Structures are given as structure tokens and as C-alpha cells.
Amino acid sequence: MTSRRLLLAALAAGALVAPPGARAAPPEDTIIVGISADASTFDPAAISSRDNSNIAKHIFGTLYEVDPEGQIVPQMAESYTEAPDGLSYTYKLKSGLTCEDGEALTAGDAAYSFNRAADPKNAFTGNTPGFVFTSIDFKSAEAVSDSEVKINIGTKNPVSFGLISEVFIHCKDSYEKMSLADAAAKPVASGPYRLAAWDRGSQVKLERWKDGEAKFKTITWRIIPEASTRSAELIAGNVDIITNVAPDQIGAIDASGAAEVKKVQGTRRIYAGFNQRADFASTPGGAAVQKPEVRRALQYAIDVPAICQQLLNFECTRATGLVNPPNDNKSLTPYPYDPDTAEKMLDEAGYPRGADGTRFELKFQAPRGRYLNDANVALAIGQYLSDIGVKTEVELMEWASVYVPLISKHDAGPLFLLGSGGGTWSPLYDMTDLATPESGTNYTNWSDPRWYSGWPEIAAAKTDEERRPIIDRMLKVFYDDGPWLLLYFQPDFYGVSKRVDFTPRRDEKLYLFDVGLAK
């Protein structure tokens, strides 16, 4: 089957814009956002997905934060100092900070927020313990005074300051009294909004409790898994902003007169991961993808530019690794679509076609509705692999309650579709998904020593110029033998009502503090 016929067949599975239900237009003090996936928790230490984090950021503050231009700027802290050895950061908090329940927020609360996330008895697997702490080798946090908190790390890391800015701060007295179940469902806010209602699978409603820190009194996040329904609700005026606009619905939205699609090149790395965990080798397909020569052969089987053009409605250059341009290794050339080469390499690796044309069978798990046209992308990849004799079973799953737990426990695979959030301010930020073999974000369980031996060298380097050759060497290892079937950096399509003034960011952070009604 040709590339074009394959993708057109996948597109046939998509739905057209559905008629909206009858709803009243949002009041002037309310903004309504349509998103594809529900939150799975509001425990600040357990949050692991961007959709979930976007909601939580309105509930919880952070010491610093990354602004739309990629600069790391003060939020709850007003300043910081880095120790000469790079093994601690001390933050001075702003005065007058409080939590929703009236408790004053001090350095003791900030230290508690870090230490609670690291406490092994809580067994958290969210972004803070699973990504940030493994990347910075977090050791402890302590209150130096009521207004100063010190974060201690085990290894100097040039991006530690930026990573620390992702940790949500919450009040100790409130959370010490709560069970983990209550913390997941009944957050106590430190940011300007509090959770007013959470109708699981339907909507999350936030209410502003701090005056002067956000324009809208109420934010409602409606859970609308179907892209066609999100588009219809936007056109009807029932929602103000929608995420993940399906490519085939852009024209209808732009022609509606009620809304428009705003496009931005995002930083999320979309990839198919090969799970390297030993127990996945119990099946022929799972055993095959443990071998780097097989993983390398499969790179040639996928026509990524065709997927981008025909399923995502944008022109893309295939990724050469896990680092966003312009910080990637410039010497690497994207793998071309060359199924003949893929077949030859699989023959040489010891996996010839059998009498039925099959080399081995592979299960490919993917979410439905989390990423841009993800189900059809997964189906197309499955067909490409089947075309070269790797018989692929595509299993599509609901995101929040099914796929997130599977991914968090590193149980997905042996092949799975995932998108990992990235940045533009440092190549090391993107690379810290694989800071250690035990990193929570090392969902493939990859342990190549040629990659991980680079991290001590990076820590020892004194300048960016000294780090760059080490980074490029590591990225070459990832390109040659890494655990990702390399795909693309996802474009982000936001549907925006003419009622509101909203400019999307590249990093998928959907923050609504400064959004207001259009003039």
C-alpha cells in the first residue's frame, strides 16, 4: 500500500464536526476551555501530564516559572542564590503569601512541598519525583528562615534552577492532615484559584480566591474527548478555547466567524517507545526490539513527513533525537522513509519473513484523544510496520484512567506512543527525560552506558562550549541505538473564540491568568 493510500485510509476513521448541545454563552467573568483529557489527580506531587499540570498551575504556585519567552522569572520567590559548588539553591520568598485556608505560606511550607514529594512512603510517580528529582539528584529541602528555603542536590546540573521551577508549592499544615486520597481530590490552593468542583469525565471548575492575580473569576475546563465535538462547541460559542484542533476541522473553525485557529510549533516530542524492560522480552516482538539493529531498521519503515502532511496538516522535518531545534545535534540527518532498507536490515538481523510474510508480531499501545490526531497516527505507524512484515496490533486506550497509570508504571509496550514535553531554553532540559536509568520519565527503561556516562562529564564541564561536544556525542548514541522510534515535534492548534484575547505559547503551557475579553 502506498504512503498516501495508507494515510487516507487512516483519515477515514476521523469524525466530522458534530452538532453542539444547547448551552448558555459564558458570562463575562468566566472563561471555558475545552480539553481532550480529564485530570487524573490534584495531588501536586502526583501530577504527571501537561493537561493536568495546566489546570493545577492555577491552583498551586511555584518558586520561579518559565515565561512565554522562555525566561525563568520569579513567582512565589523574589530572588535566589546558587552555592559556589552548585549543590544547593536558596530562595527568598515574597512576603504575604497565604494558602486558601488562611495559613501563611513560609519557607517551611516550601521545604515541606519538596520533601513530601520525595518521601518514599508516599510512592509518588508524578513529574516532581519522577522527572525533576531524578534529574537534579534531589537530596533535601530545609527552611533557613521563615522567608528562605534551601534546596540541596547531589550533583551539579546546569539546568537545576529551571527544573526546580516546576515543583508546586503547598501548605504543610493542611496537607499533613490529609490522606493521599483527599490530597488527590481536595487540593488546598496556594495559587490564585481554588478547586470549586470536579465532575470526573465532565468538567473541572476553578474559582478565583485571590483578587488581583487573574482576570477571570471562574475558569471551567470541560472534558471533551472527541475533537469534532470540541470544534462544534467552539463554533457554537459554548467554549472560549479548545486544544488539539483536528487538522480537518481548521477550515470550518476559521470560516465560522465565531472563532479562529491559532497555530504554533510546539516543543512536545512525539515518539514510539521501545520498552527495554527484561520481562517484555518474553514475546518474540518484545525480544526483537531489545536489539539496537532491529530498532534502527524500523526507523526506515515510517514515512514521518507524510504523516505530518496528511494526518496533522503541517510540513515537518523528522526528529533526529529528543532535543528540540535549534538545540539539537546539527550533524545528524533524519532517517528517510526507505522500506526496502528496513526489510534488508531486518533480514540481516535474523528476522526474515516467514511463509505468511510475517517476521514477528508486535503490540503497539497508544492513547486516543491526548495528542493531535493520535489514534490515526498510531494506526498509520502500525500499518507501516505491518507492510515490512512486522505484524502490528494497535491497541487504543483512554488517556487519564487507563493509559497514564500504564505509562507511570513503565508497563506500556513493547511499543507505545507517547508525547514528552520539551523546551527551547536548553538541550539538557529535553535530555533529562533520561537523566538516569531509574528516571520516572525513562518509560522505555533504556540503560545504554554510553548515554548515561555523559552526565558526569556534563556536570564537570564549566561552560556551555565545553558541554556541547558531550551533548552531541550523547545525541549520536541516541540516534543510532536509542529507545525511541523517532517521529516529530508536535504542532499545536488552538481554537480561540473571538470573545477572548489569547495568544498560545510554544511549550503547551495553557495559562489563563492574563487572558481577558477581546476589545
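Before you start clicking, one term: a residue is called buried here when its relative accessible area is under 20%, and exposed when that area is over 50%. Keep in mind, too, that this is a predicted model.

**Stop 1: the whole chain**

Show everything as a cartoon. You're looking at 19 helices and 18 strands. The C-alpha atoms fill a box of roughly 70 × 60 × 40 Å along the principal axes. For 519 residues, a compact globule would have a radius of gyration near 24 Å, and the chain's 23 Å agrees with that. Of those 519 residues, 59% count as buried. If you count contacts with a separation of 6 or more, 70% of them come from residues 24 or more positions apart.

**Stop 2: a stretch from the record**

Now select residues 71-437. UniProt, in an unreviewed entry, labels this stretch "domain: Solute-binding protein family". Colour it by secondary structure: 31% is helix and 23% is strand. The C-alpha atoms at its two ends are 29 Å apart.

**Stop 3: the sheet**

Next, pick out the strands of the open sheet. There are 10 of them, with mixed pairing, and the order across is E8-E9-E10-E1-E11-E16-E12-E15-E13-E14. At the edges you'll find E8 (193-199) and E14 (390-397); each has a single partner strand, so one side of each is left without a neighbour in the sheet.

Zoom in on E12 (residues 259-274) and E16 (residues 484-497). They run antiparallel, joined by 12 bridges. Want one spot to look at? Try Glu 260, which stands opposite Val 496 in E16.

Then add helix H14 (residues 374-387). What does it lie across? Follow it over strands E13 (360-367), E14, E15 (415-420) and E16. Its direction is at about 165° to E14.

**Stop 4: the disulfides**

Show the cysteine side chains. How many disulfides does a search of the whole structure find? It finds two. Counting bonded cysteines along the chain, the pattern is 1-2, 3-4.

Start with Cys 99 and Cys 171, whose sulfur atoms are 1.9 Å apart. This pair links distant parts of the chain, 72 residues apart. Cys 99 sits in the loop between strand E5 (88-93) and helix H3 (107-118), while Cys 171 is in the loop between helices H5 (160-164) and H6 (172-176). The torsion about their S-S bond is about 95°, so this disulfide is right-handed. Is Cys 99 buried or exposed? Its relative accessible area is 1%, so Cys 99 is buried. Cys 171, at 0%, counts as buried as well.

Now jump to Cys 308 and Cys 316, joined with an S to S distance of 2.1 Å. Here the torsion about the S-S bond is about 85°, so this disulfide is right-handed. Cys 308 has 0% relative accessibility and counts as buried. Cys 316 comes in at 16%, and that is buried too.

**Stop 5: a covered helix**

Finish with helix H4 (residues 127-136). Eight of its 10 residues are buried, so call it mostly covered. Among the buried ones are Phe 131, Val 132, Phe 133 and Ile 136. What do the buried residues of H4 pack against? Switch on H3, strands E6 (138-143) and E7 (148-153), H5 and helix H16 (427-431), and you have their packing partners. Right after H4, click on Asp 137: its phi is positive, near 55°.

Note on methods: Residues numbered from 1 in each chain as written. Predicted model: local features only at pLDDT ≥ 70, side-chain atom pairs only at ≥ 80, totals over all residues. Heavy atoms only, no water. Pairing = 2+ DSSP bridges. Helix = DSSP H or I, 4+ residues; strand = E, 2+ residues; numbered from the N terminus. Contact = heavy atoms within 4.5 Å. Axes fitted to C-alpha atoms, helices over the stretch in contact; angles between N-to-C directions. Disulfide = S-S within 2.5 Å. Buried < 20%, exposed > 50% of the residue type's maximum accessible area, 1.4 Å probe, protein only. UniProt positions renumbered as here; feature names shortened; annotations may be inferred. Rg over C-alpha atoms; globule rule 2.2 N^0.38 Å.
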